[in-house]
Amino acid sequence: MSLESKNTPPAAPEADDYLERRALRRGSAGWVLLTGLGVAYVVSGDYSGWNFGLAEGGFGGLAIAMVLMGTMYACMVFALAELSSILPTAGGGYGFARRALGPWGGFLTGTAILIEYVLAPAAIVIFIGDYVESLGLFGLESGWPVYLVCFAIFLGIHLWGVGEALRFSFVVTGIAVVALVVFALAALPDFSIGSLDDIPVDTSAAGSNSWLPFGLLGIWAAFPFGMWFFLGVEGVPLAAEETREPARTLPKAIRWSMAILVVLAVVTFFAAAGARGSAAIQEAGNPLVEALQPDGEATTLSRIVNYAGLAGLVASFFSLIYAGSRQLFALSRAGYLPRFLSLTSRRKAPYLGLLVPGTIGFLLAALSGNGARMLNIAVFGATISYALMSLSHIVLRRREPELERPYRTPGGVLTSSVALVLACAALVATFLVDVTAAVIALVVYGVAIAYFGLYSRRHLVAKAPEEEFAALAAAEAELARD
């Protein structure tokens with residue numbers, strides 16, 4: 001019987017140097033730099049965005065949402081740590097789903113991740129522009145010139161090389177994290193338990209009280225904002241091909257990143273709401289600064305935190321560009337997207353994988369100016385990918401129990417099942433917050449699915465690492481049946 005399987009992509013007629021022209025720089029990062037990358041993806045969410053969840057669920061609702069979403073991320077990253085030790089390639093979630101769920105599952109997962117990592121930088125660059133304007137830097141106003149400069153400078157650093165890019169990200173992230181600690185210490189003297197639940201109660205909402213002013217449904221509506229404390233940490237495995245000893249390094253970096261983010265989330269949330277009051281910061285574009293200046297007058301400390309907030313935004317913007325380029329690179333290298341997008345430069349940087357999504361992100365930012373909506377679209381894509389990656393862990397554990405796993409998820413499928421259920425709940429919650437954003441994301445997703453169904457699924461590259469890994473599994477399964 002032939003070893004060919006329906007899950008094995010047709011081999012495309014490629015030149016012998018196909019993969020050589022699509023190679024990343026190996027061994028550029030250890031676990032410390034990768035931990036910094038994981039925190040960098042997320043740290044801007046500590047400075048802004050999460051507080052809008054107070055307007056959806058109040059302090060108690062957002063607190064419960066943060067715990068549930070933190071649980072989802074913790075369970076998911078433990079599952080991803082195992083998956084990345086099995087398949088340490090640039091495909092990340094796409095590669096895991098490709099082996100577990102076939103070409104369609106791989107494409108759906110990779111596309112959802114790509115939506116997240118293309119839209120999020122476009123949103124964050126708008127926030128960067130707002131910070132630049134509010135700080136009066138060089139007299140600049142938020143607008144397309146600022147967005148263009150940001151994309152040009154930070155894409156240029158990425159094109160220079162991955163090692164240089166990760167070190168830059170590490171330094172900027174360190175500044176932002178230190179500033180969060182300084183903020184918490186400064187806010188501590190003004191902390192009051194009574195300030196936490198000062199949002200007026202909507203008595204018509206079921207189950208409402210001072211801690212849940214918008215009732216039980218407010219908890220669910222706050223899910224997307226609870227995610228902002230952790231959104232993006234799942235991108236660490238995308239650095240697999242540029243990592244030293246990835247089977248050992250990736251799980252360690254993922255676990256440390258999540259641990260640091262949990263501490264920062266709890267400290268930031270309680271310090272900001274307790275110092276100024278939930279009502280005062282629920283609609284603030286800069287909640288930490290707002291918490292430090294109750295009279296509306298800027299202080300030296302609030303200015304320091306304000307500048308640090310800009311550093312946090314830069315760190316997340318910079319690292320999300322990296323993540324998006326690697327996901328695009330992997331999908332293109334395997335033929336799911338046009339193959340020319342995976343070509344790399346002399347410095348082993350996927351230059352088109354950086355420039356194309358960077359151009360799209362700049363245009364979206366310049367033409368729309370609506371950062372909140374783009375973040376909501378990114379969250380929609382993220383929740384789909386979370387559900388599919390968690391499902392991939394469950395399927396591989398059930399179907400291939402003997403697969404070599406250098407790292408094993410604590411709790412096994414129970415852990416990834418919790419992540420799956422919570423990811424599905426978070427996906428539905430996006431419709432409660434911004435129906436328009438969810439519909440836009442569905443339309444983009446639909447166009448991508450049509451492209452794959454009508455064209456690219458018949459032009460996959462069998463020699464791509466993620467495809468070879470899946471083909472090997474199919475061959476072993478067929479041999480077992482014989």
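The salt bridges come to 5 in this predicted model, where a salt bridge is a side-chain nitrogen of Lys or Arg within 4 Å of a carboxyl oxygen of Asp or Glu. In one of them the side chains of Arg-397 and Glu-82 meet at 2.8 Å, N to O, and because Arg-397 lies in helix α15 (residues 371-399) and Glu-82 in helix α3 (residues 54-86), the pair ties together parts that are 315 residues apart in sequence. Helices here are DSSP runs (H or I, at least four residues), numbered from the N terminus.

A word on the ground rules: residues are numbered from 1 along each chain as its sequence is written. Local features need pLDDT of at least 70 and side-chain atom pairs pLDDT 80 or more, while totals for chains, interfaces and linings use all residues, and side-chain values use heavy atoms, leaving out hydrogens and water.

Turning to the surface, Leu-188, Phe-191, Ile-193, Trp-211, Val-262, Val-266 and Phe-270 make a nonpolar patch of about 600 Å² (patch residues have over 30% relative accessible area and no salt bridge, with nonpolar side chains, namely Val, Leu, Ile, Met, Phe, Trp and Tyr, joined within 5 Å; areas come from the Shrake-Rupley method with a 1.4 Å probe, and for residues only the protein chains shown count as cover). Helix α10 (residues 246-276) gives the largest share of this patch, 3 residues, and Phe-270 lies in that helix.

Conventions. Patches are made of residues with over 30% relative accessible area and no salt bridge: like charges are joined within 9 Å, nonpolar side chains (Val, Leu, Ile, Met, Phe, Trp, Tyr) within 5 Å. Helices (H or I, at least four residues) and strands (E, at least two) are DSSP runs, numbered from the N terminus.
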